[in-house]
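This report concerns the nonpolar cores, the largest pocket and the salt bridges of a predicted model. Please consult the sequence and the structure shown here while reading.

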Amino acid sequence: TMSTELERIDEEELLLIISGLGMPQEPTPENPEPDYWVSDECRECLSDLQRYLRRDNPNTMAFHRALGGWRVVQAHLLPILAKSGHDPKLVFSVLKIVVKLTMKPEQLGARMVEHLAEKKTPDPLVGKQLDELRDHHRAYKRAFLRPIASVPNMDAMGVLVRILSTPVAKAEANRSDEDTMLIELTLALLLNLLHTAPPDAPPPVPGKDAAARQDSVVLRQLLQRMHEEHAIDLLLYILQSVEDSPSHRNWNLTLLEIMYYVLSSHTPAQIFGAAADAPPTGAGAAADADDADAD
């Protein structure tokens, strides 16, 4: 395995927990499609994983960085999410961890950001660790643009939209607390994935400009996937009922920030152009995203 800065006992226990989640299944002559086997101990292992993340050292975020380096979201959590569609409690447990791991790097590493801003001679290791969190965040975003390798015909964004659409389709009066929490978690995850440096951010430091350009491309690709999977339609539906719905009103800041990223991925001219040319079917949004990718 990849080397980490964890104590040996923590590293061994974390690896044991991860192996207890389940494992990808290689294709066989009897089952030619790859698959993912969800372990009977999966629930307990998810609880253990949450416990580790809660007690991570805010000055190093070593557990979060180790899970990013081991690609636990891509190799285990997304396949489990795809396979647990009929088990809302399992979906809820997995989503909580994915939301935590995909948090904005500057929010996740807030103590590290403070150290770099306040110290006259900041520790270069802290800067390196914060960059590592940023790299993992980029990898998580890209995972939502691809099919899930070990679950045939499933892709991460499609799975996310299915999780969101089921409780949203219910009348608000008929939603359980669990339904409401699922919507809240899914919106939080979408916001985490769309997080990108704003257009007016200070220019990247030398050597990081290619990554910054790539971030803009990935943001537009994510929005294109969201459009294809009708996630944008779902968001608009929720937005339209914010005034009349107490629970929807609780999400207004999350929704506002999501819409900020949607709009910041295009120039004002592209947005106004799309609005002027948009046919009634809403196909203009897809064309606009294609134009943006061509830029």
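## Nonpolar cores

The largest nonpolar core has 71 residues, and those touching the most other members are L21, L67, L77, L95, F144 and M226. When neighbours within four places in sequence are set aside, the contacts of L95 are L81, L160, I163, L182, L185, T186 and L189. Apart from the largest core lies another, made up of seven residues that include M103, L108, V126 and L130.

## The largest pocket

The largest pocket holds about 1000 Å³ of space. Its lining comprises 34 residues, with R138, A197, A201, A212 and D215 nearest the centre. Two or more lining residues come from each of α6 (105–108), α8 (124–143), α11 (209–228) and α14 (252–264); α11 gives the most, with seven. By character, the lining consists of 14 nonpolar, nine polar and eleven charged residues.

## Salt bridges

The whole structure contains 18 salt bridges. One of them joins D215 and R138, at 2.8 Å from N to O. Because D215 belongs to helix α11 and R138 to helix α8, this pair ties together parts 77 residues apart in sequence. D215 is buried, with a relative accessible area of 15%, whereas R138 is partly exposed at 23%.

A salt bridge also forms between D155 and R225 (2.7 Å, N to O). D155 lies in the loop between α8 and α9 (156–168) and R225 in helix α11, 70 residues apart. Both D155 and R225 are buried, and a network of salt bridges links these two residues with E228 and E229.

Methods
Residues numbered from 1 in each chain as written. Predicted model: local features only at pLDDT ≥ 70, side-chain atom pairs only at ≥ 80, totals over all residues. Heavy atoms only, no water. Core = buried A, V, L, I, M, F, W, Y, C linked by side-chain atoms within 4.5 Å. Buried < 20%, exposed > 50% of the residue type's maximum accessible area, 1.4 Å probe, protein only. Contact = heavy atoms within 4.5 Å. 1 Å grid on protein atoms, 1.4 Å probe; cavity = no way out; pocket = protein on both sides within 12 Å on 5 of 7 lines; lining within 4 Å. Points joined across faces, edges and corners; volume = space filled by probe spheres on them. Helix = DSSP H or I, 4+ residues; strand = E, 2+ residues; numbered from the N terminus. Nonpolar A, V, L, I, M, F, W, Y, C, P; charged D, E, K, R; others polar. Salt bridge = Lys/Arg side-chain N within 4 Å of Asp/Glu carboxyl O.
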